[in-house]
Amino acid sequence: MMPNQGLESKDDELPANTLELFTELDQVLQMIENIKSIDDAAFEREFQNYAQVLSRYQEQPHLLDPHLELLLGRLLAKIRVEDSPVGERDAAFKYLYIICKVRTYKVLVKFMPHELSDLEFVLDLLGQQDPNAHEKWETRYILLLWMSIVVLNPFHMSRLDAYETSPSVPAVNCVLTNNVQSSKSTKMERIFELCKLYVSTNDTCSSMAAYLAAKFFVRIDIKDLYLERFLDWIIGQHQADTVNVKFGQLAAVAAILKHGKREDLLPYADKLLHWITSCQYKDGNDFLKYKFYVKIVQRLGLVHLKPRIASWRYKRGTRSLATNLNQHPGATGAQSAAAVDGADGDAGEEIIVPDAIEEVIEELLQALRSGGNDIRWSAAKGLGRVTNRLPKELADEVIGSVIDILNPLEPHEAWHGGCLALAELAKRGLLLPHRLEELVPLLMQALFYDEMKGYMSVGQHIRDAACYMCWAFARAYNPDDVKPFVQKISSGLLTVAVFDREVNCRRAASAAFQESVGRLGNFPFGIEISVTTDFFSVGIRQNSYLNISDFIAQYEVYREPLISHLVQHKVGHWDTTIRELTAKALHKLTLWEPEYMAAVVLPQLLAKTDTIDINSRHGCVLAMGEITLALRMLEMSSNPTVVYLSNQRIVELNELLRNFQMKNFYRGMSGELLKSSTADFIRNCSLAQLQVTPDCLLSWQSVIDLCLITKNPAIRESGVEAFAELCRAYYCVDNRSDQNEAIIRSYLRGAENDLDEHIRMGYIAALGVLPSFMLRPHLSAVLESLVKHSLTPLQAVLAGDMVHQEHENIQTYRWSEARMESIKALTKVVQAVGYEGSIDTFSEPANFDKVIVCLLRALEEYTLDNRGDIGAWVREAAMQSLYQIITQCPPAMLSPEHVHQIVVGFMQQAVEKIDRTRGLAGRLCCKLIHAEPRIPHIREHEKLLEIFPSDVSSVLWLFADHTFPLFCQLLGLPDYSKRVLLGLTASIGQLTESLIKYASTALFQFLRSNPTMVPRLCAEIVEIFQENLLNERVTYPMLSFLDILIGSGTTDMVLHDESNSFVEDIYRLLNLEVKGYKKLYKTATSISAFCQLIQVPRLSKRVLSKLSVFLGLQHVHVRKTAATKLYEALALHGDVTDIPEDNMDEILTLLSETDWTMPLVEVRPLRNQLCQLMGIKPPLSGAAAAAVAASAAADK
């Protein structure tokens, strides 16, 4: 037991996605054993399974290493089979490539066999390949990789041809491209031709061919014979065609320069440099060409210079993490070696710098300004490598040139490249400490680089590179060398770590700060802050701004830099979200530095409000509101009293919005942004209970009025919140009763607006947040307005709540959002006024009942427009309001009928078609049933408690397969079954397949389990159909519901019971519903329900007569549908009809083979023929029937 326990605890400590072993080895070996040809139908599926298994190890590929030899052995055994089926060898190569992709080719190549016999085999296979066979590119890729290890054999290549005993397989591709006969070609020549062929293909194989070329042409026996030929061939290719560049050829040159010996490459260096610089690959927009250009140029520079490590470079000396963390502030760090003097280091040798190096360095410096990220990275690393081999004086000039790049006149690409280059130089010890004084100010600029460029901002990559610079400095320098700049660097890194907009920059700054704390050990409070600003904490922007910054602010040394950065850079940031977070962060920081905020920051923000930059103005107003609130909170909680806001500052805050109005700042698009910030400012000042003048209150109220009528919902919401706080803080005095009444009457008039929905929504929302002392004198007027606007115009007329309905704009029936807002406002009014007192409260039954009846009517809204069922918003708001009221009101106020209507309303909504609405209704219904104290007057309460679980979260309310079985049990309770059935018809009769499946399954399972209840439920279905006749919201899905229900067989006992009138009623109601046949969709949908009634013998003739009418209608779709459905119905139930058996085959043939899209004059005779065969009278058109009736009257 003990070992197992230890193993379990070990597993618990590992991350959840960490793998420990290659557990699928046997499965993969079995897949390899059963490998199929690529032409086999099952290959693609098996190959995907194989790739999926191995791809799990992409993040931990080392787990494959113990088994690579076995896996490669099995696959290579398949490859070596000479008479293997066509395509099986290519399949093995595809399997091998997946291993190569997961483990990388550099590791895989070490496990490839490399005996002399393999050279001939691989060479022959490569010769057989077609470079244009795109589906077999993995074969060529792996063969080229295999060849790269085989050509490293220690024997002279010319000797291998002497032992050739049989003609080799023709190298087809070599013959095609070079006209060299394979029988006369040596192996060296064949490999040479293959390299030329495959580096010229612009596909994945070209990169592997470049790798092969690097291994092949640097051999001692090859370089003298073929290297110059190969390089001359590539130069000739690129001089002949500078447009269609073969990237593999450039990659081959770069790889050769990387892997070859300097003395072998030096003779060709000048020629290559002249060629590559004359190609002008850097002038185009093709970054891939420029990337290879930079690689070749920098490696040519390394070829020109002897390999050496600069003796003048900075040497840090000992690097002990423990020493850094434990050293005292006064430690000198004398144990670390300082930079060695350049004169002493370079005195012993003379470094010869070729003239070409100047050109190489110039090209690399230009590449630092390139538009390609990869190009700048490559140039930065190349510059570091080349500078490491230069003498001190020349290297110092290079470093000065890089530093000169970091100036305001350079584009953002140059700043990024310069930061990368300086970081690379620092990593190699090439930036001597005396440069820090010049570099740190530039580093601070780069850390906060954020410039607008059109509608976007640039600077993210520069800030990231600046963090990399800081990381490199931490690893490169002595603590004493960095000590003068510790304050700037630490503050800058922490500012970026908590306040940068981009998550990668925050994480990069956090990593650089942690590295600096560990390496240097002299960052103030480094350990404590590093623990808080970890990788995951800074990943969430809101957490960084509001929590981590608050933690850092406890250390005084960092407070002012954090505040200054927010005020200077983030208050006017281009992103609205950042400005809002900045204001909230300043609120928290104010609690740490109130004097600095009141004396320095507030005047700065007030001065910035006159700027023409709307972003800056918006951010300043937000920040001033938050700072004012924080300062007032400190003033009110201080003992003894401390005053931070001077009278002058209060006057300036009072005048702020009036000045905005006088300058017309609220006009236009910029005014919309300012409205939201000033609404937030008013709310904060009201919460702070700032001293205000009457003129200030007027200006604030007018701004709120502007916010309420804007189209932007966020601004309206801000205005409503500000109005609520303004009323509570300043409108509660006795001498304002007349002004308060004027405001309420104005808002009631605004709520009557029937031209713009958003205007009505704003005024209604404002009425909803009125405090009790303002509501009670005007409760009846406010209540009447909110009730009226919570219902559709038709509902309001029927309820008698709208006296002047004829004047209402007809378009207001689509204003479901306004009705939803009115319902929410109505609920807030009920909560604000409450039930205490006998007058002007909701303890009056008339007021309370008015609200309940209104909300119950709102549950019946099903408004549709081009957005779909927008009435669902109203129904959801009504359910939430009813739940809040019924659970909070005194139980004595609830009547049995109201409680029952609320419960059945929730139950109906819980089985309808919209998932969100269904989930909300189910959750609220369950909570209502189990509410404590218990809700009175709920019928069958004990049975409901048995059906619904007490733990609401135990049911997944949004999933139909969880909720429908639950609510279908209510069909057994007559008090609830009818409304549940009404909801089920909407779900089962609509178009969503999954919902139909789960809803119908639950219903049919209940009907089969409770056959005695079927007649009652069928009678309720008839009642629902009868009550909603011609109400298409109910009858459209009802038609499909009847088809599914009768076809399920669960109602057979009712169908064949002659004493039960269910089928006759359904037939009658169907006829009434489709009477006139004017609506195509309804008529076509009813056909299925009619066809289901054919199985009832006593109705079959009438149904067949009805269907014969459909077969002769003018709508082609109806005729085709009727013929198809009638064919299916007769095939299933033809034996129970009165149709003669001898005619059945002819009827079915006529139904299936007739083209029912023909003109009516051709279709109707065929229809009449069908009627004669079925033994029914052919239907007559209206005109024909009138003529017959007239003839009969004349005969009489």
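1. Let's start with Asp224, which is exposed at a relative accessible area of 60%. This is a predicted model, and in it Asp224 forms a salt bridge with Lys223, with 3.5 Å between the closest N and O atoms. Lys223 itself is buried, because its relative accessible area of 15% falls under the 20% cut-off. You may enjoy the contrast within this pair: Asp224 is exposed, whereas Lys223 is buried.

2. The structure holds 55 salt bridges, and Glu120 with Lys187 is a nice one to look at next. Their side chains meet at 2.9 Å, N to O. The pair links distant parts of the chain, as Glu120 sits in helix α7 (residues 116-128) and Lys187 in helix α11 (residues 187-198), 67 residues apart. Lys187 is buried, with a relative accessible area of 5%.

3. Another salt bridge joins the side chains of Arg916 and Glu876, at 2.8 Å from N to O. Arg916 belongs to helix α47 (residues 915-929) and Glu876 to helix α45 (residues 871-888), so this salt bridge ties together parts 40 residues apart in sequence. Arg916 is partly exposed, at 43% relative accessible area, while Glu876 is buried, at 11%. Elsewhere, Glu1032, Glu1073, Lys1079 and Lys1082 form one network through salt bridges that share partners.

4. On to the domains. The assignment gives domain 1 (594-731), domain 2 (737-802 + 811-977) and domain 3 (993-1195). Where domain 2 meets domain 3, the contact takes 13 residues from domain 2 and 11 residues from domain 3. The centres of these two domains, taken over C-alpha atoms, are 41 Å apart.

5. What do domain 2 and domain 3 bury between them? The figure is about 1000 Å², with 75% of it on carbon and sulfur atoms. There are 0 salt bridges between domain 2 and domain 3, but 3 residue pairs are in polar contact, both residues at pLDDT 80 or more. On the side of domain 2 that touches domain 3, the elements giving two or more residues are α49 (960-968) and α50 (974-988). The largest share, 5 residues, comes from α49. By class, this side of domain 2 has 7 nonpolar, 3 polar and 3 charged residues.

6. Finally, a look at Ala1122, in helix α58 (residues 1116-1133). Ala1122 counts as buried because its relative accessibility is 1%. Leaving aside neighbours within four places in sequence, Ala1122 is in contact with Ile1087, Phe1110 and Leu1111. The C-alpha atoms of Ala1122 and Thr1083 are separated by 9.9 Å, with the two residues 39 apart along the chain.

How values were computed. Residues are numbered from 1 along each chain as its sequence is written. This is a predicted model: local features need pLDDT of at least 70, side-chain atom pairs count only at pLDDT 80 or more; totals for chains, interfaces and linings use all residues. Side-chain values use heavy atoms; hydrogens and water are left out. Domain bounds come from an automatic or database domain assignment. Contact means heavy atoms within 4.5 Å. Buried area is the accessible area (1.4 Å probe) that two parts lose on being put together, summed over both. A salt bridge is a side-chain nitrogen of Lys or Arg within 4 Å of a carboxyl oxygen of Asp or Glu. A polar contact is a pair of N or O atoms within 3.5 Å; within protein, one must be able to donate a hydrogen and the other to accept it, and residues adjacent in sequence count only if both atoms are side-chain atoms. Helices (H or I, at least four residues) and strands (E, at least two) are DSSP runs, numbered from the N terminus. Ala, Val, Leu, Ile, Met, Phe, Trp, Tyr, Cys and Pro count as nonpolar, Asp, Glu, Lys and Arg as charged, and the others, Gly among them, as polar. Buried means under 20% relative accessible area, exposed over 50%, partly exposed in between (1.4 Å probe, protein chains only).
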